[in-house]
Amino acid sequence: MSIATPDYRHLKDFPDVYEPAEDTFLLLDALEKEQNALNKLRPTLTLEVGSGSGIVTTFLAKILQSKALHLVTDRNSQATLCTQQTANYNETRVDAINTDLVHGLLPRLQNCVDILILNPPYVVTPSHELLETGIAWTWAGGICGREVMDRLFPDVPKLLSKRGIFYLVVVQENKPKEIMKMFENMEFASTVVLNRRAGPENLSVIKFWKKGTEDGS
């Protein structure tokens, strides 16, 4: 079933919020491709880290059409406001939390998250650019474009439920094979759901799940 892209025309009122781009739409396409697996999972709790405009979790809520609780975080307070508006305009319910990554959510969400999503700042930049404020937050990834995502990775096994799934957006410069090996060492299986070249970027969406459990497909 084809799912319409959420309405985000109000984004013009939020100049410091990341405007959906090729990486966002690749993630939407990946989630749409995975919709049977996602519904088979029957999630009760989803979490998107770094929601930006909010269209990804709003899109996920439309796919699931369930009573799942949808949480998002963003360290940009304007992004959390924008996310709430996106959900409201598209007649879905999303709870947005203004925090850095998952700060303050553990141990409360320990092994509770059924679907975890991260479309991180992945552009290779000098480390000092991570200290910038405003729109620079949305793309500066530091060394190998990995400094933000690497901070979340140790928390992924803590957050995910037994059958939980983690979706991650990366570019080639982030060394995706190295990331997949890192998760293999944490007892996760993985697969590339979709990849696409967008200008100079070779984008991929990787799916991770705990070894010994079904991937939901």
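Which residues is Lys 210 in contact with, leaving aside its neighbours within four places in sequence? The legends below start from that view and then move through the rest of this predicted model.

**View 1. Lys 210 and the residues around it.** To answer the opening question, Lys 210 is in contact with Asn 111, Pro 157, Leu 160, Ser 161, Lys 162, Gly 164, Glu 187 and Phe 188, once neighbours within four places in sequence are left aside. Lys 210 belongs to strand β7, which covers residues 201-210. This lysine is buried, yet it has no salt bridge. Look for Asp 114, the nearest side chain of opposite charge: it is 9.4 Å away from Lys 210.

**View 2. Lys 207 and Glu 34 meet in a salt bridge.** Here we stay with β7, the strand that holds Lys 207. The N to O distance between the side chains of Lys 207 and Glu 34 is 2.7 Å. Glu 34 is in the loop between α1 and α2, so this pair ties together parts that are 173 residues apart in sequence. Are these two residues buried or exposed? Lys 207 is buried, with a relative accessible area of 1%. Glu 34 counts as buried too, at 10% relative accessibility.

**View 3. A salt bridge joins Asp 29 and Arg 196.** The closest N and O atoms of this pair are 2.8 Å apart. Asp 29 sits in helix α1 (residues 22-33) and Arg 196 in strand β6 (residues 188-198), so the salt bridge links distant parts of the chain, 167 residues apart. Asp 29 is partly exposed, with a relative accessible area of 31%. Arg 196 also counts as partly exposed, at 33% relative accessibility.

**View 4. Further salt bridges: Asp 155 with Lys 158, and a network.** How many salt bridges are found in a search of the whole structure? There are nine. One of them brings together the side chains of Asp 155 and Lys 158, at 3.4 Å from N to O. Asp 155 is buried, with a relative accessible area of 16%, whereas Lys 158 is partly exposed, with a relative accessible area of 38%. Elsewhere, Arg 146, Asp 150 and Glu 178 are linked in a network of salt bridges. As a general point, side chains of opposite charge can pair when their charged atoms come close.

**View 5. The open sheet of seven strands.** To find your way across the sheet, follow the order β3-β2-β1-β4-β5-β7-β6. The pairing is mixed. β3 (95-98) and β6 stand at the edges, and each has a single partner strand, so one side of each is left without a neighbour in the sheet. From one strand to the next, the twist averages 15°. Helix α1 lies across β4, β5, β6 and β7, and runs at about 130° to β6.

**View 6. Strand β4 between β1 and β5.** What is the pairing sense of β4 (residues 113-118) and β5 (residues 160-171)? These strands pair in the parallel sense, over five bridges. Two residues of β4 to pick out are Ile 117, whose bridge partner in β5 is Tyr 167, and Leu 118, whose bridge partner in β5 is Leu 168. β1 (residues 45-49) also pairs with β4 in the parallel sense, over four bridges. Leu 47 has Leu 116 of β4 as its bridge partner. Six of the six residues of β4 are buried, so this strand is largely enclosed by the rest of the structure.

**View 7. Pro 43 in the loop between α2 and β1.** Pro 43 is buried, with a relative accessible area of 7%. Not counting residues up to four places away in sequence, Pro 43 touches Leu 38, Leu 64, Ser 66, Ala 68, Asp 114 and Ile 115. Gly 164 is 121 residues from Pro 43 in sequence, yet the two are 8.5 Å apart in space, C-alpha to C-alpha.

**View 8. The annotated span, residues 26-124.** An unreviewed UniProt entry gives these residues the annotation "domain: Methyltransferase small". The span is 38% helix and 21% strand, and its end C-alpha atoms lie 20 Å apart.

Key:
Residues are numbered from 1 along each chain as its sequence is written. This is a predicted model: local features need pLDDT of at least 70, side-chain atom pairs count only at pLDDT 80 or more; totals for chains, interfaces and linings use all residues. Side-chain values use heavy atoms; hydrogens and water are left out. Buried means under 20% relative accessible area, exposed over 50%, partly exposed in between (1.4 Å probe, protein chains only). Lys and Arg count as positive and Asp and Glu as negative; His and the chain ends are not counted. A salt bridge is a side-chain nitrogen of Lys or Arg within 4 Å of a carboxyl oxygen of Asp or Glu. Contact means heavy atoms within 4.5 Å. UniProt positions are given in the numbering used here, feature names are shortened, and annotations may be inferred rather than shown by experiment. Two strands pair if DSSP finds at least two bridges between them. Axes are lines fitted to C-alpha atoms, for helices over the stretch in contact, and angles run from 0 to 180 degrees between N-to-C directions.
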